[in-house]
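Biologist: Can you put the model up? I'd like to go through the sheets, the helix packing and a couple of loop residues.

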Amino acid sequence: MTILCVRFQLPPMYEAALPGLLGLLEEFTPVVQALPPEGALADLRGAERYFGRTAVELASVIRVRALALHGVDCVIGAGPGPMLARMALREARPGLTRAVAEDEVREFLAGQPVVALPGVGTRTARTLCEYGLDSLGRVAAAPLSTLQRLVGARAGRELHEKANGVDRGRVVPDAVSRSLATERPFTRDELDPGRHRRALLSAAEELGARLRALDQVCRGLTLTVRYADRSATTRTRTLPEPTAHSPALTRAAYGLYEALGLQRARVRAVVLRAEGLDPAEQASHQLTFDPVDEKVRRIEEVADRVRAKFGPHAVIPGTLAA
């Protein structure tokens, strides 16, 4: 068990603490990958040898330091690879690290529903379940050729390997500053999809305004939906072109939300993150010759100037979305 997947239990709108918490992990290993808005992967192979402690023992030290220095508790999953650490995190609880040892991998995976496997979306899970492959144990036992016919050659091979415990992932150090995020918590667990969409609209407009204020564009968008049971679902989409245009971000956010296929989900908060930031001057804009789109962009520029002069909550009459 050399990989930790850590989820810090940050209060809403407290994401600014994440870089400091990543720094805490980097005291043990330089191989830390941020998983915004509240998590990270840490490869402790070198740390285990250096400190003479197991990954689980180091996880306990990390938890104590996070509480003592930042006042933030965390839940931690540990496994031989990033995929297994992520899956172990689903069963972790505050104060207790859920660890999956190498000789426990097959047993651990066999009882997991197929949707628990990272990278398996709602559509793929539905296809597999229609053929009785509703658990990873059954997927692992299925012939490779069968899986490839159901989900495609490449996806089938990856699915077969992962279900059998083959974890080819690695922890890739990155910088959390390469992204911007905003969160929309609900005052109560929210079932109404309409309210979910309005929260996404507000978040996308805020991200767009922040990107334009920084003269930056983003190449991708990540949506995290947090549920009442403290679990979360995260999906990422690469945008057709780098942009800071709020309507484009909103369309992408709606697409990510609809792809989740949520039905009567008790949502506690939605988090929208702009990924892969680049200077706006380096980005090209595909001309659409659409007068409506150009009008929206001009209104957007005026709204940005109004916000810059009167504050972020200033509103231009007639620009509110229904």
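Modeller: What follows is a walk through the strands, the helices and two loop arginines.

Biologist: What should I know about the source before we start?

Modeller: This is a predicted model, with residues numbered from 1 along each chain as its sequence is written. Local features need pLDDT of at least 70 and side-chain atom pairs count only at pLDDT 80 or more, while totals for chains, interfaces and linings use all residues, and side-chain values use heavy atoms, leaving out hydrogens and water.

Biologist: Ok. What is the strand order in the open sheet of 4 strands?

Modeller: The order is 6-9-7-8, with antiparallel pairing. Strands here are DSSP runs of E with at least two residues, helices are runs of H or I with at least four, and both are numbered from the N terminus. Two strands pair if DSSP finds at least two bridges between them.

Biologist: Which are the edge strands?

Modeller: Strand 6 (180-190) and strand 8 (232-243), each of which pairs on one side only. On average, neighbouring strands of this sheet are turned by 15 degrees against each other, direction ignored.

Biologist: How many bridges between strand 7 and strand 8?

Modeller: Strand 7 (residues 216-227) pairs with strand 8 over 8 bridges, in the antiparallel sense. Leu221 stands opposite Arg237 in strand 8.

Biologist: And which strands does helix 10 lie across?

Modeller: Helix 10 (residues 193-213) lies across strand 6, strand 7, strand 8 and strand 9 (267-279), at about 160 degrees to strand 6. Angles run from 0 to 180 degrees between N-to-C directions, and axes are lines fitted to C-alpha atoms, for helices over the stretch in contact. Helix 11 (residues 246-260) also packs on the sheet, where it touches strand 7, strand 8 and strand 9.

Biologist: At what angle do helix 10 and helix 11 cross?

Modeller: Roughly 140 degrees, with their axes coming within 8 Å. The crossing is right-handed, that is, the near helix is turned clockwise from the far one by less than a right angle (anticlockwise would be left-handed).

Biologist: Which residues meet there, helix 10 against helix 11?

Modeller: Among them are Leu200, Leu201 and Ala204 in helix 10, and Leu249, Ala253 and Tyr257 in helix 11. Contact means heavy atoms within 4.5 Å. By class the contact has 11 nonpolar, 4 polar and 4 charged residues. Ala, Val, Leu, Ile, Met, Phe, Trp, Tyr, Cys and Pro count as nonpolar, Asp, Glu, Lys and Arg as charged, and the others, Gly among them, as polar.

Biologist: Switching topic. How many residues of strand 4 are buried?

Modeller: In strand 4 (residues 74-79), 6 of its 6 residues are buried. Buried means under 20% relative accessible area, exposed over 50%, and partly exposed in between (1.4 Å probe, protein chains only). Cys74, Ile76 and Ala78 cover one side and Val75, Gly77 and Gly79 the other, all buried.

Biologist: Does strand 1 run parallel or antiparallel to strand 4?

Modeller: Antiparallel: 6 bridges join strand 1 (residues 3-8) to strand 4, and Arg7 stands opposite Val75. Strand 5 (residues 98-99) runs parallel to strand 4, joined by 2 bridges, with Ala99 as the bridge partner of Ala78.

Biologist: Last bit, the loops. Where is Arg264?

Modeller: Arg264 is in the loop between helix 11 and strand 9. Its phi is near 55 degrees, a positive value in a residue other than glycine. Arg264 counts as exposed because its relative accessibility is 68%.

Biologist: And what does Arg53 touch?

Modeller: Arg53 touches Glu48, Leu58 and Val61, not counting residues up to four places away in sequence. Arg53 sits in the loop between helix 2 (45-51) and helix 3 (55-70), and at 42% relative accessibility it counts as partly exposed.
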